[in-house]
Amino acid sequence: MPERLFVCTPSKLGAYADCPRRYRYAYVDRPAPPKGPPWAHNSLGASVHTALRNWYALAPERRRPEALAGLLRGTWVREGYRDEEQERAAYRRALSWLEAYVETLEPDVDPLGVERVVAVKTAVLAFNGRADRIDSRPGPDGPELVIVDYKTGRTGLDADDARGSQALALYAYAAERTFRRPCRRVELHHLPTGTVAGHDHTVESLARQLSRAEETARDIMAAEKAVAGGADPDEAFPADPSPRCGWCDYRRSCPAGSQTPGKDPWAAVERPAEGAPAQE
(Lines give C-alpha, C1' and ligand atoms only; values in the text may rest on other atoms or scores of the structure.)
Protein backbone atom coordinates (compact mmCIF):
# COMPACT_ATOMS: atom_id res chain seq x y z
CA MET A 1 0.00 0.00 0.00
CA PRO A 2 1.33 3.49 -0.81
CA GLU A 3 2.09 5.69 2.18
CA ARG A 4 -0.43 8.40 2.95
CA LEU A 5 0.35 11.92 1.89
CA PHE A 6 1.08 14.48 4.57
CA VAL A 7 -1.63 17.14 4.40
CA CYS A 8 -0.11 20.48 5.31
CA THR A 9 -0.10 24.24 5.15
CA PRO A 10 2.87 26.61 5.54
CA SER A 11 1.94 27.27 9.17
CA LYS A 12 1.81 23.54 9.93
CA LEU A 13 5.28 22.96 8.50
CA GLY A 14 6.57 26.11 10.18
CA ALA A 15 5.29 25.05 13.59
CA TYR A 16 7.35 21.87 13.49
CA ALA A 17 10.43 23.64 12.15
CA ASP A 18 10.22 26.18 14.99
CA CYS A 19 9.63 23.61 17.73
CA PRO A 20 8.42 20.00 17.44
CA ARG A 21 6.79 20.25 20.88
CA ARG A 22 4.69 23.22 19.75
CA TYR A 23 3.63 21.21 16.70
CA ARG A 24 2.54 18.36 18.93
CA TYR A 25 0.46 20.63 21.16
CA ALA A 26 -1.22 22.26 18.15
CA TYR A 27 -1.78 19.27 15.85
CA VAL A 28 -1.33 15.96 17.70
CA ASP A 29 -2.58 16.15 21.29
CA ARG A 30 -6.32 15.84 21.63
CA PRO A 31 -7.67 17.61 23.46
CA ALA A 32 -5.09 20.24 22.74
CA PRO A 33 -3.63 22.15 25.71
CA PRO A 34 -5.26 25.53 26.34
CA LYS A 35 -3.75 28.46 24.50
CA GLY A 36 -2.69 31.69 26.09
CA PRO A 37 -4.54 34.97 25.50
CA PRO A 38 -4.82 36.48 21.99
CA TRP A 39 -1.84 38.44 20.67
CA ALA A 40 -2.29 42.05 19.67
CA HIS A 41 0.18 41.73 16.80
CA ASN A 42 -1.94 38.94 15.32
CA SER A 43 -5.03 41.14 15.64
CA LEU A 44 -3.23 44.00 13.92
CA GLY A 45 -1.96 41.82 11.08
CA ALA A 46 -5.35 40.18 10.53
CA SER A 47 -7.09 43.58 10.44
CA VAL A 48 -4.72 44.96 7.81
CA HIS A 49 -4.85 41.82 5.67
CA THR A 50 -8.64 41.78 5.65
CA ALA A 51 -8.84 45.49 4.83
CA LEU A 52 -6.61 44.92 1.78
CA ARG A 53 -8.70 41.95 0.71
CA ASN A 54 -11.83 44.09 0.93
CA TRP A 55 -10.08 46.91 -0.94
CA TYR A 56 -9.83 44.65 -3.97
CA ALA A 57 -13.46 43.59 -3.52
CA LEU A 58 -14.51 47.20 -4.22
CA ALA A 59 -15.33 48.31 -7.73
CA PRO A 60 -12.21 49.90 -9.28
CA GLU A 61 -13.69 53.40 -9.22
CA ARG A 62 -14.22 53.07 -5.43
CA ARG A 63 -10.64 52.03 -4.68
CA ARG A 64 -9.59 55.35 -3.25
CA PRO A 65 -7.57 56.13 -0.08
CA GLU A 66 -10.59 57.70 1.61
CA ALA A 67 -12.32 54.29 1.56
CA LEU A 68 -9.68 52.76 3.79
CA ALA A 69 -10.85 54.13 7.15
CA GLY A 70 -14.22 52.45 6.75
CA LEU A 71 -12.66 49.23 5.51
CA LEU A 72 -10.25 49.06 8.44
CA ARG A 73 -12.93 49.87 11.00
CA GLY A 74 -15.09 47.13 9.55
CA THR A 75 -12.32 44.54 9.84
CA TRP A 76 -10.66 45.70 13.05
CA VAL A 77 -9.85 42.96 15.57
CA ARG A 78 -9.71 44.35 19.10
CA GLU A 79 -8.17 41.44 21.00
CA GLY A 80 -4.84 41.51 22.80
CA TYR A 81 -4.22 45.23 23.27
CA ARG A 82 -3.18 46.63 26.64
CA ASP A 83 -5.90 49.29 26.68
CA GLU A 84 -7.98 51.51 24.42
CA GLU A 85 -5.19 54.06 24.09
CA GLN A 86 -2.78 51.49 22.67
CA GLU A 87 -5.48 50.09 20.43
CA ARG A 88 -6.32 53.52 19.00
CA ALA A 89 -2.63 54.21 18.36
CA ALA A 90 -2.31 50.87 16.56
CA TYR A 91 -5.38 51.68 14.44
CA ARG A 92 -3.93 55.03 13.43
CA ARG A 93 -0.62 53.42 12.47
CA ALA A 94 -2.37 50.71 10.48
CA LEU A 95 -4.47 53.26 8.61
CA SER A 96 -1.39 55.30 7.73
CA TRP A 97 0.34 52.15 6.44
CA LEU A 98 -2.64 51.30 4.27
CA GLU A 99 -3.02 54.83 2.89
CA ALA A 100 0.64 54.91 1.89
CA TYR A 101 0.52 51.41 0.45
CA VAL A 102 -2.52 51.86 -1.79
CA GLU A 103 -0.85 54.89 -3.34
CA THR A 104 1.57 52.39 -4.90
CA LEU A 105 -1.24 50.30 -6.39
CA GLU A 106 -3.11 50.72 -9.65
CA PRO A 107 -6.77 50.77 -8.57
CA ASP A 108 -8.07 49.59 -11.94
CA VAL A 109 -5.77 46.53 -12.06
CA ASP A 110 -7.12 43.35 -10.50
CA PRO A 111 -4.68 40.71 -9.26
CA LEU A 112 -5.09 37.17 -10.51
CA GLY A 113 -5.94 36.15 -6.98
CA VAL A 114 -6.57 37.77 -3.60
CA GLU A 115 -6.29 35.42 -0.62
CA ARG A 116 -6.36 32.67 -3.22
CA VAL A 117 -5.92 29.05 -2.16
CA VAL A 118 -3.34 27.14 -4.20
CA ALA A 119 -2.67 23.43 -3.80
CA VAL A 120 -0.34 20.77 -5.10
CA LYS A 121 0.44 17.12 -4.42
CA THR A 122 3.86 15.47 -4.52
CA ALA A 123 4.96 11.97 -3.63
CA VAL A 124 5.03 13.08 0.03
CA LEU A 125 2.87 16.19 0.45
CA ALA A 126 -0.67 17.31 -0.13
CA PHE A 127 0.04 21.01 0.26
CA ASN A 128 -2.44 23.87 0.30
CA GLY A 129 -2.06 27.48 1.29
CA ARG A 130 -3.76 30.85 0.96
CA ALA A 131 -1.58 33.44 -0.79
CA ASP A 132 -2.25 37.07 0.16
CA ARG A 133 -2.06 38.11 -3.48
CA ILE A 134 -1.07 36.60 -6.82
CA ASP A 135 -0.17 39.12 -9.51
CA SER A 136 0.12 38.49 -13.23
CA ARG A 137 2.92 40.57 -14.72
CA PRO A 138 4.52 40.71 -18.18
CA GLY A 139 7.51 38.43 -18.66
CA PRO A 140 9.95 37.87 -21.52
CA ASP A 141 7.90 34.93 -22.78
CA GLY A 142 4.43 36.01 -21.72
CA PRO A 143 2.55 36.57 -18.45
CA GLU A 144 4.28 35.40 -15.29
CA LEU A 145 2.88 35.04 -11.78
CA VAL A 146 4.22 36.81 -8.69
CA ILE A 147 3.47 35.82 -5.10
CA VAL A 148 2.89 38.84 -2.84
CA ASP A 149 2.87 38.47 0.93
CA TYR A 150 1.90 41.39 3.20
CA LYS A 151 3.90 41.92 6.39
CA THR A 152 3.10 44.22 9.32
CA GLY A 153 5.90 43.35 11.75
CA ARG A 154 8.15 46.12 13.03
CA THR A 155 11.34 44.65 11.64
CA GLY A 156 12.23 45.50 8.05
CA LEU A 157 12.77 42.65 5.61
CA ASP A 158 15.35 42.13 2.88
CA ALA A 159 15.92 39.90 -0.14
CA ASP A 160 17.34 37.13 2.04
CA ASP A 161 14.03 36.91 3.88
CA ALA A 162 12.18 36.50 0.58
CA ARG A 163 14.73 34.00 -0.72
CA GLY A 164 14.66 31.90 2.45
CA SER A 165 10.89 31.83 2.94
CA GLN A 166 9.71 28.27 2.49
CA ALA A 167 6.09 29.40 2.53
CA LEU A 168 6.57 31.78 -0.41
CA ALA A 169 8.46 29.14 -2.38
CA LEU A 170 5.71 26.59 -1.84
CA TYR A 171 3.07 29.12 -2.87
CA ALA A 172 5.04 29.77 -6.06
CA TYR A 173 5.45 26.07 -6.78
CA ALA A 174 1.74 25.42 -6.23
CA ALA A 175 0.58 28.52 -8.14
CA GLU A 176 2.62 27.56 -11.19
CA ARG A 177 0.86 24.21 -11.30
CA THR A 178 -2.58 25.60 -10.43
CA PHE A 179 -2.56 28.28 -13.15
CA ARG A 180 -0.11 26.64 -15.57
CA ARG A 181 1.97 29.77 -15.83
CA PRO A 182 5.55 30.40 -14.69
CA CYS A 183 5.77 31.62 -11.09
CA ARG A 184 9.27 32.31 -9.82
CA ARG A 185 9.06 35.81 -8.33
CA VAL A 186 8.14 36.15 -4.63
CA GLU A 187 7.79 39.43 -2.73
CA LEU A 188 7.38 40.53 0.88
CA HIS A 189 5.54 43.85 1.06
CA HIS A 190 6.40 45.43 4.43
CA LEU A 191 3.68 47.97 5.06
CA PRO A 192 5.24 49.81 8.04
CA THR A 193 8.27 50.83 5.96
CA GLY A 194 6.71 50.75 2.50
CA THR A 195 9.51 48.47 1.28
CA VAL A 196 9.40 45.43 -0.99
CA ALA A 197 11.82 42.54 -0.49
CA GLY A 198 11.82 40.26 -3.52
CA HIS A 199 13.57 37.22 -4.89
CA ASP A 200 13.50 35.47 -8.24
CA HIS A 201 13.57 31.72 -7.77
CA THR A 202 14.87 29.20 -10.26
CA VAL A 203 13.45 25.77 -10.95
CA GLU A 204 16.31 24.40 -8.84
CA SER A 205 15.79 26.70 -5.85
CA LEU A 206 12.06 25.92 -5.75
CA ALA A 207 12.92 22.21 -5.90
CA ARG A 208 15.28 22.63 -2.94
CA GLN A 209 12.58 24.33 -0.87
CA LEU A 210 10.11 21.61 -1.80
CA SER A 211 12.63 18.94 -0.79
CA ARG A 212 13.09 20.63 2.57
CA ALA A 213 9.33 20.63 3.11
CA GLU A 214 9.12 16.95 2.23
CA GLU A 215 11.91 16.12 4.68
CA THR A 216 10.03 17.97 7.41
CA ALA A 217 6.88 16.07 6.51
CA ARG A 218 8.74 12.74 6.75
CA ASP A 219 10.06 13.69 10.18
CA ILE A 220 6.58 14.62 11.37
CA MET A 221 5.01 11.42 10.07
CA ALA A 222 7.75 9.34 11.69
CA ALA A 223 7.19 11.08 15.03
CA GLU A 224 3.42 10.63 14.80
CA LYS A 225 3.86 6.96 13.94
CA ALA A 226 6.19 6.50 16.90
CA VAL A 227 3.66 8.02 19.30
CA ALA A 228 0.89 5.86 17.85
CA GLY A 229 3.15 2.86 18.52
CA GLY A 230 3.57 3.75 22.18
CA ALA A 231 6.64 6.00 22.19
CA ASP A 232 6.96 8.81 24.72
CA PRO A 233 5.41 11.89 23.04
CA ASP A 234 7.96 14.17 24.74
CA GLU A 235 10.80 12.22 23.12
CA ALA A 236 9.11 11.97 19.73
CA PHE A 237 8.34 15.71 19.74
CA PRO A 238 11.16 17.34 21.74
CA ALA A 239 11.07 20.93 22.84
CA ASP A 240 13.46 23.41 21.26
CA PRO A 241 13.84 26.15 23.90
CA SER A 242 14.69 29.60 22.58
CA PRO A 243 13.62 33.24 23.07
CA ARG A 244 10.56 32.33 20.94
CA CYS A 245 9.18 30.42 23.93
CA GLY A 246 8.06 33.69 25.50
CA TRP A 247 5.71 34.18 22.54
CA CYS A 248 4.38 30.60 22.33
CA ASP A 249 0.66 29.97 22.74
CA TYR A 250 1.45 26.81 24.70
CA ARG A 251 4.24 28.12 26.95
CA ARG A 252 2.33 27.45 30.16
CA SER A 253 1.76 23.79 29.20
CA CYS A 254 5.39 23.14 28.27
CA PRO A 255 7.88 22.35 31.07
CA ALA A 256 10.79 23.60 28.94
CA GLY A 257 9.05 26.67 27.56
CA SER A 258 7.67 27.76 30.92
CA GLN A 259 11.22 28.46 32.06
CA THR A 260 11.19 31.48 29.71
CA PRO A 261 9.25 34.50 30.98
CA GLY A 262 6.09 35.06 28.98
CA LYS A 263 5.53 38.18 26.91
CA ASP A 264 2.60 40.51 27.38
CA PRO A 265 0.01 40.00 24.63
CA TRP A 266 0.57 43.56 23.40
CA ALA A 267 4.38 43.61 23.58
CA ALA A 268 5.08 43.15 19.86
CA VAL A 269 3.01 46.19 18.85
CA GLU A 270 4.69 48.38 21.44
CA ARG A 271 8.40 47.80 20.82
CA PRO A 272 10.74 45.40 19.02
CA ALA A 273 11.60 42.39 21.14
CA GLU A 274 14.05 39.52 20.97
CA GLY A 275 12.55 36.38 19.50
CA ALA A 276 9.28 38.07 18.55
CA PRO A 277 7.28 36.07 16.05
CA ALA A 278 7.10 37.17 12.44
CA GLN A 279 3.92 39.23 12.13
CA GLU A 280 1.70 38.61 9.18
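How many residues of domain 1 are in contact with residues of domain 2? In this predicted model, 9 residues of domain 1 meet 10 residues of domain 2. Domain 1 covers residues 40-104, and domain 2 covers residues 113-210. Taken over C-alpha atoms, the centres of domain 1 and domain 2 are separated by 23 Å.

A good place to begin a tour is helix 5, which spans residues 84-102. Helix 5 has 19 residues, and the distance from its first C-alpha to its last is 27 Å, close to the 27 Å expected at 1.5 Å a residue. The buried residues of helix 5 are Q86, E87, A90, Y91, A94, L95, W97, L98, Y101 and V102. Reading along that list, it helps to remember that an α-helix has 3.6 residues a turn, so residues three or four places apart point the same way. Several other elements cover the buried residues of helix 5, including helix 3 (40-57), helix 4 (68-75) and helix 10 (267-270). Strands take part in this covering too, among them strand 3 (125-139), strand 4 (142-151) and strand 5 (183-190).

The N-terminal end of helix 5 is capped by D83, with a side-chain oxygen 3.2 Å from the backbone nitrogen of E85. D83 also forms a salt bridge with R82, in which the closest N and O atoms are 3.2 Å apart. Is D83 buried or partly exposed? D83 counts as partly exposed, at 32% relative accessibility, and R82 is likewise partly exposed, with a relative accessible area of 37%.

R82 leads on to W266, a residue in the loop between helix 9 and helix 10. Not counting residues up to four places away in sequence, W266 touches A40, G80, Y81, R82 and Q86. The relative accessible area of W266 is 21%, so this residue is partly exposed, since buried means under 20%. A197 lies elsewhere: the C-alpha atoms of W266 and A197 are separated by 26 Å, and the two residues are 69 places apart along the chain.

Charged pairs come next. Side chains of opposite charge can pair when their charged atoms come close. How many salt bridges does the structure hold? The structure holds 21 salt bridges. One of them joins R184 to E176, with the closest N and O atoms 3.1 Å apart. Here R184 is partly exposed, with a relative accessible area of 27%, whereas E176 is buried, at 17%. Another salt bridge joins D200 to R185, and its closest N and O atoms are 3.1 Å apart. This pair links distant parts of the chain, with D200 in strand 6 (residues 195-200) and R185 in strand 5, 15 residues apart. Both partners are partly exposed: D200 has a relative accessible area of 49%, and R185 has a relative accessibility of 24%. D200 and R185 also belong to a network of salt bridges that links them with R133, D135, R137 and E187.

Helix 8, which covers residues 203-228, holds Q209. Q209 counts as buried, at 6% relative accessibility. A polar atom of the Q209 side chain lies 3.4 Å from the backbone oxygen of R163, and the Q209 side chain makes a polar contact with the side chain of R212 at 2.4 Å. Leaving aside neighbours within four places in sequence, Q209 is in contact with R163, G164, S165, Q166, A169 and H201.

Helix 8 appears again in the surroundings of helix 2 (residues 20-28), whose buried residues pack against strand 1 (6-8), helix 1 (10-18), helix 8 and helix 9 (233-236). Those buried residues of helix 2 are P20, R21, Y23, R24 and Y25.

The last topic is the cysteines. A disulfide is a covalent bond between the sulfur atoms of two cysteines. How many disulfides does a search of the whole structure find? The search finds 0 disulfides. C19 is in no disulfide, and the nearest cysteine sulfur, that of C254, is 6.2 Å away. C245 is also in no disulfide, the nearest cysteine sulfur being that of C19, 6.2 Å away. Because a disulfide requires sulfur atoms within 2.5 Å, neither distance qualifies. Both residues are buried: C19 has a relative accessible area of 13%, and C245 has a relative accessible area of 12%.

Technical notes
Residues numbered from 1 in each chain as written. Predicted model: local features only at pLDDT ≥ 70, side-chain atom pairs only at ≥ 80, totals over all residues. Heavy atoms only, no water. Helix = DSSP H or I, 4+ residues; strand = E, 2+ residues; numbered from the N terminus. Expected span 1.5 Å × (residues − 1). Buried < 20%, exposed > 50% of the residue type's maximum accessible area, 1.4 Å probe, protein only. Contact = heavy atoms within 4.5 Å. Polar contact = N/O pair within 3.5 Å; in protein donor to acceptor, adjacent residues only side chain to side chain. Salt bridge = Lys/Arg side-chain N within 4 Å of Asp/Glu carboxyl O. Domains from an automatic or database assignment.
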